[in-house]
Each structure stands twice: as structure tokens, then as C-alpha cells.
Amino acid sequence: DVLPSPEGPVPSVSITEIRQYLRAQGIPFHDGYSCLHTPSLFTDGREDQPLPSASAPYTLFIDKTTGSFLCTATLAEGTWQDFQANVELRHRGSPPASSEETEEDTRRAREDARHIWDRALPLWELLDEDETNKTKAMFGISLVTDATLKRFGVRYLRTAKSLVFPWFSPRDATLKGLKLMRVEKKGDATAYVEETLPRFDSYRNLFGLPLISRRDAELVLTGWELDALALHQATGVASLALPRGATCLPPALLPYLEQFKRITLWLGEDLRSWEAAKLFARKLSLKRCSLVRPGDLQPRPLDALNQGLNLTKILRAALPASHKSIVSFRQLREEVFGELVNTEQVAGVKWARFPELNKFLKGHRRGELTVFTGPTGSGKTTFISEYALDLCMQGVCTLWGSFEINNIRLAKIMLTQFAAQRLEDQLELYDEWADRFEDLPLYFMTFHGQQNIKTVIDTMQHAVYMYDITHVVVDNLQFMMGHEHLSVDR
């Protein structure tokens, strides 16, 4: 996915400007946690009508950080500039035009999803009880009741040995897509392999959303569909699963989370889930978030259910996300203990392709800077692209700023490294590998050659908010700075 190019960067808008504009246009609004709420421009079909009044329901949400909007009643969405254009035109009914190509992709994904959904069976309707029990045991959900599976609409696709989780439109309950999950055994370890329709970036299902009622004020956000099932069954609280686990929280989902006064993040049992929970809490507004700290007595919800732990008690013990500016050691005590217990995880995400590198750098940790130097042609770019790819394949969201070689050449290098073979000799395999490569959380900046540093930093910050980037690669510093700056202290 390419971020906005320097010719037309995303014009940044401040929350003050948004408020001033709404007041000047006479549009009523109130302040939410991560969005401003206003009546929608899109719920009426007539263009000549005045702007919405305070008595209309507030179904339009404007992101306080980016200014982009979403109307939850009609699913119209767009940028702050689209919103202004719609206001100026007093325009209603039609959401901002999206390209025909993406509409075609969406339609095809929906059709494919519908095919699979129709072939999948509710889990409690398999041939016999024995098959049902075996299937449940395979996914570790023997304790999840049929009533829970029925409530969340989980099905089983026998041919692919996969659980099927539906994505229903929050507006009219039509099927928008689905996620397939199968189990792979690797020795003693069990790995869960997931596939989504539509693909990776367009799959924005908050699993469990249709079951939320307007009156729900508390929510638990999990990183996995099976965790949401376990949580709801054990505690009865409203629980949702994020579409891509602890990898990212797309801003487009924030409007659906505005109604909750308290959100508890219980994403998983490792340190990366804990880091992600702290990051997401900042997006959701710290003052309403609590976090479940991973630990032996606080594993992920499904494991907690299987181990007979008290999930309600674990939720009550969640830590508030907002720390005051000064803390005593007593408040840090648990955190320090967590670091000692998880020394391996604290060291960061290990490289799978470079075991020797783990000895020197221990792993990739957030907030650290690594500089690679070497003469021209010594293989810095080739090495760093594989070094970054290694992490990206493990779910580390990566942003590339290649100022020296263009993105097409860089992507070709990375795709070859990803496939571990020369694709020019086997072009018939290209689409298969390209599809898998497309599903990586990898983004490219479109700058080339010398750049204004502020523009580059702004683009990086935008990417961190939008895509939860945790690893940025700049290749290389000299090209970005331009050669005339070399004497200046940077």
C-alpha cells in the first residue's frame, strides 16, 4: 500500500480548525473520546435541504486526529476535504465516489464470501456428536457452548477444516465478508492460520458488533475471535475481536467504539500484545481504557476459560491505562517483575532468517535506532530489505522510505526474497506469491531523492496513527538529506 505522495500529501487539519469550521457552518456537534459526533449529512436523500439540526441523531463521526469521517447509518466515509465539499454542496445521499476497481473487488469478495458461508455448517449440526466434539477439541473450544457459537454465528467448513467467522454489515446485517481459521500442527506446537475475504487491508470486521446493544457502556476488546466467544460466555460482558489481532487498530473502526464509557483491552498473553494494548489505548483515549496485563494467572481469555480461571476477577484487576506523571516503585513493581520473567520477549522480536544477528541486537524493539553503514554497493539495501521482511512476516508493521531506489525495484527485491526463488523464471507463480506478499503489513512512502525533513516526519506520524507502524526503515539518510547538507550538524 502506498502512502500519499509528496505532490499531494494529506493536508493536516487540527481539531481546533475542525471545531471552528463546524461552528461557522452551524453544524451541532459534541466531543467524543477519539471522534467528534455530529448529525449525518447523508441520511437524507435531498440536496436542497438545510444542514442537519441538533435534534437529528448523531450518526456521523469525525476523527479528531485526521479529520476523516464515517457515517454509521449509511456507511458513507471520506477525508476531511470530502466532508467540507459535501457541506458546501449541501450534498446528501451519495457517499464520496470510490474507484470502480475497488467496488468490483468488494463485490467479488462478497460473492466469494457468500458461497463459502452457504457451504459452511453451524458447528452443532455436523454429522454426529463425535465429529462435533473432535472439531471443537482441535480448536481448543471444547468448553465453548453451542449456545455461544450460535449467538456469534460461527460455522465450520468441512472441506477446508476451518472455522468460519462472519462479517455482517452493522447497517443492514448483509454479509460483507468472513474470516477462515484452520489449525496447523508443527511438532508439539499448534499454529492457527487465518485467511480473510476481502483481503487483509479491506477486512475491517469488529467480530461481535451486531450483538452490541445501544445500552452497552462497557466493552472488552480482544485480539482473537475465539477469545471474544470465551469472554462473553464466562462473563456476559460485551466483547469484540479486532480484525487483525494485536497488529493494528484501524482508525475507521473508532466510531463504532465511541458509545463505550469503559473499554478493557485484553489482547493476548505475550509482551507484544501488551505493547499493542498501550498503543491502542492512546487512540481510544486513555481515560476510559484499562489493560489486562499478560501473566501466568492472566493468560488470553480462551486459555483462562480452559484453565477454569475466574475471568470476571481478571477483568476487575485490569490496570487503568492512564498513569499520572509521577509514580512510586510500588506502581512499577509488577512491570519490573514482568520484564524479569519475560527476558526473552523484552529483548524484542527475533529474526528468523538471521540467528547470528539475534546475538548482537537481541531482537527488534520499539523506540530503538539501528544504523547500518557501508560503502556503496556493499549490499546494505539488499540486506536491510530482507532484515525488515523477516520482521514483517512476523507481524511487525513496517514502513519503508526508500530515497535511493524506487519502490518498484525495492518491492521486486523483497518479493524475490519472500518467495526465496527467481520469479522471472517461473512467471506462472507470480500471482500466488504476490497475493501472499500483499497480505504483509508493509507500506512504502512515495518520496524519492532529497526531501523536506518535516514532510517526511509528518508522513511517518500519519502512518503510525493509520497503520500502527512499529518499524520504519530509511534508505538512505544521505539521499534523504541531499548532499549539500552534509557539512551542517544534523
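These are my notebook entries on one aspartate and on two strand hairpins in a predicted model.

**Entry on aspartate 390**

I began with aspartate 390 and placed it in helix α13, the helix that covers residues 380-392. I then looked up whether this residue is buried or exposed, and found that aspartate 390 is buried. Next I searched for a salt bridge and found none, since the nearest side chain of opposite charge, that of arginine 353, lies 4.7 Å away, while a salt bridge has to be within 4 Å. I did find that the side chain of aspartate 390 reaches the backbone nitrogen of arginine 353 at 2.5 Å. Leaving aside residues up to four places away in sequence, I listed Lys350, Trp351, Ala352, Arg353 and Phe354 as the residues that aspartate 390 touches.

**Entry on strands β8 and β9**

I turned to strand β8 (residues 162-168) and strand β9 (residues 175-186), and noted that they run antiparallel and are joined by seven bridges. When I followed phenylalanine 168 across to β9, I arrived at leucine 175 as its bridge partner. Between the two strands of this hairpin I found six residues, and alanine 173 takes a positive phi near 60° there.

**Entry on strands β9 and β10**

I went on from β9 to strand β10 (residues 189-197), where I noted nine bridges and again an antiparallel run. For methionine 181 I looked up the bridge partner in β10, which is glutamate 194. The hairpin of β9 and β10 has two residues between the strands, and in it I noted that glycine 187 takes a positive phi near 70°.

Notes:
Residues are numbered from 1 along each chain as its sequence is written. This is a predicted model: local features need pLDDT of at least 70, side-chain atom pairs count only at pLDDT 80 or more; totals for chains, interfaces and linings use all residues. Side-chain values use heavy atoms; hydrogens and water are left out. Helices (H or I, at least four residues) and strands (E, at least two) are DSSP runs, numbered from the N terminus. Buried means under 20% relative accessible area, exposed over 50%, partly exposed in between (1.4 Å probe, protein chains only). Lys and Arg count as positive and Asp and Glu as negative; His and the chain ends are not counted. A polar contact is a pair of N or O atoms within 3.5 Å; within protein, one must be able to donate a hydrogen and the other to accept it, and residues adjacent in sequence count only if both atoms are side-chain atoms. Contact means heavy atoms within 4.5 Å. Two strands pair if DSSP finds at least two bridges between them.
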